[in-house]
Amino acid sequence: MKIFITGICGFVGTYLSRQLIEEGHDVWGIDCASASPKVNLVNLCDRDALLTLMQKVKPDYVYHLASVSRVGGTGESSLLYRTNVDGTRNLLEVCACLENKPRFIFISSSQVYGNVPIEQLPVTELAPISPVNHYGASKAAGEMLVKAFGCEENIEYVIFRPFNHTGPGQSEYFVVPKIVAAFKNNMDSIKLGNVNTARDFSDVRDVVRAYTSVTKNFPAGEIFNIASGKTGKIVDIITMLEELTGRKMIVECQDSLLRKSEIVKMYGTFDKIKNILGWKPEIKLSKTLEDMIQC
């Protein structure tokens, strides 16, 4: 099958494209980082260029990964919403224009759930959408667009809500690779925010395996959490890395690194995706960290 990926050169897109190629698919995509014969430098907000490319490729499936995940500072949310909302709308409009409408896989986020009360954890797909940051709000808006185009334009879709995921190759902007880099670079200390926040961490290779499962069985209209079903604190990850490397790390907690709307504890259940698609996490966090140290 012919598959089109937005954000194909990103952290997850790289793993996803590699996996799909290994499975025998013809993989194309767009990214703002680099170009090759099957990777084009097309902006999601450039509807005409996107339409021209998609009419050429004629994909059977579209994986929409591309997004802006962070805001640079106060009042700088416009790029995030322009890319994550307007870009998603452009892509859906283009898909609706194609003679054979592709199946649409939207990569949303667990951030759409917001700050869920501890007594309501683990989070299921039936939990209300209540984002507390710009990224979560933009992904929630994207989900609504996907559902609307599904109803209005008969585009078959699946929505994934991945929880935190990491692995070799992830940017040091994210907390786990930042900590790993400190150990690899033989640093004695690291500056972090709240190390007692608890998150649900999966390996990117497990996450990609969930994404590719829909090429074999496409349950149109479904929404799936991708989660480990477990929770761990950032301080626990530091301890695991100390055990793996035999080195100690001093943590300097800085107020400037604290988030305004910090989610203290968050983890989800993968029961639905296990029951429908047969997916479950396989790679332990200790193995993920070991691979990140060695890469």
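This briefing covers the central sheet, two helices packed on it, several buried residues and the cysteines. The model is predicted. Its sheet is open and has 7 strands, paired in parallel. Helices α1 and α4 both pack against strands of this sheet. The structure holds 0 disulfides.

**The sheet**

- The strand order is β3-β2-β1-β4-β5-β6-β11.
- The edges are β3, residues 39-40, and β11, residues 223-226. Each has a single partner strand, so one side of each is left without a neighbour in the sheet.
- Helix α1, residues 11-22, packs on the sheet. This helix touches β1, β2 (26-30) and β4. The direction of α1 makes about 175° with that of β1.

**Strand β4 and its partners**

- Strand β4 spans residues 61-64 and runs parallel to β1, residues 2-6. The two are joined by 4 bridges.
- Across this pairing, Phe4 stands opposite Val62. Ile5 stands opposite Tyr63.
- Strand β4 is also joined to β5 by 4 bridges, and this pair runs parallel too. Here the bridge partner of Tyr63 is Ile105 in β5.
- Both faces of β4 are covered. Tyr61 and Tyr63 are buried on one side. Val62 and His64 are buried on the other.

**Thr6, in strand β1**

- Thr6 lies in strand β1. At 0% relative accessibility, Thr6 counts as buried.
- The side chain of Thr6 makes a polar contact of 2.8 Å with the side chain of His64. His64 is one of the buried residues of β4.
- Beyond its neighbours within four places in sequence, Thr6 touches Ile30, Leu44, Tyr63, His64, Leu65, Ala66 and Leu91.

**Helix α4**

- Helix α4 covers residues 134-153. The helix lies across β5 (103-107), β6 (157-162) and β11. Its direction is at about 165° to β6.
- The helix has 20 residues. From first C-alpha to last, α4 reaches 28 Å, close to the 28 Å expected at 1.5 Å a residue.
- The N-terminal end of α4 is capped by Asn133. A side-chain oxygen of Asn133 lies 3.4 Å from the backbone nitrogen of Tyr135.
- After α4 comes Asn154, with a positive phi near 55°.
- The buried residues of α4 include Tyr135, Ala140, Leu145, Val146 and Phe149. Lys139 and Glu143 are also among them.
- The buried residues of α4 pack against α3 (78-97), β5, β6 and β11.

**Thr166, in strand β7**

- Thr166 lies in strand β7, residues 165-166. Its relative accessibility is 1%, so Thr166 counts as buried.
- A polar contact of 2.6 Å links the side chains of Thr166 and Gln170.
- Leaving aside neighbours within four places in sequence, the contacts of Thr166 are Phe11, Val176, Pro177, Ser202, Asp203, Val204, Thr288 and Met292.

**Leu241, in helix α7**

- Leu241 sits in helix α7, residues 234-245. Leu241 is buried, with a relative accessible area of 0%.
- Leu241 and Leu289 are 48 residues apart in sequence. In space their C-alpha atoms are 7.1 Å apart.
- Leu289 is one of the contacts of Leu241 outside its neighbours within four places in sequence. The others are Ile179, Val180, Phe183 and Ile293.

**Cysteines**

- No disulfide is present, as the count is 0. Two sulfur atoms must lie within 2.5 Å to count as one.
- The sulfur of Cys151 is 16 Å from the closest cysteine sulfur, that of Cys95, so the two are too far apart for a bond. Cys151 is exposed, with a relative accessible area of 66%.
- Cys295 is in no disulfide either. The nearest cysteine sulfur belongs to Cys9 and is 18 Å away. Cys295 is exposed, at a relative accessible area of 55%.

Technical notes:
Residues are numbered from 1 along each chain as its sequence is written. This is a predicted model: local features need pLDDT of at least 70, side-chain atom pairs count only at pLDDT 80 or more; totals for chains, interfaces and linings use all residues. Side-chain values use heavy atoms; hydrogens and water are left out. Two strands pair if DSSP finds at least two bridges between them. Contact means heavy atoms within 4.5 Å. Axes are lines fitted to C-alpha atoms, for helices over the stretch in contact, and angles run from 0 to 180 degrees between N-to-C directions. Buried means under 20% relative accessible area, exposed over 50%, partly exposed in between (1.4 Å probe, protein chains only). The expected span of a helix is 1.5 Å times one less than its number of residues. A polar contact is a pair of N or O atoms within 3.5 Å; within protein, one must be able to donate a hydrogen and the other to accept it, and residues adjacent in sequence count only if both atoms are side-chain atoms.
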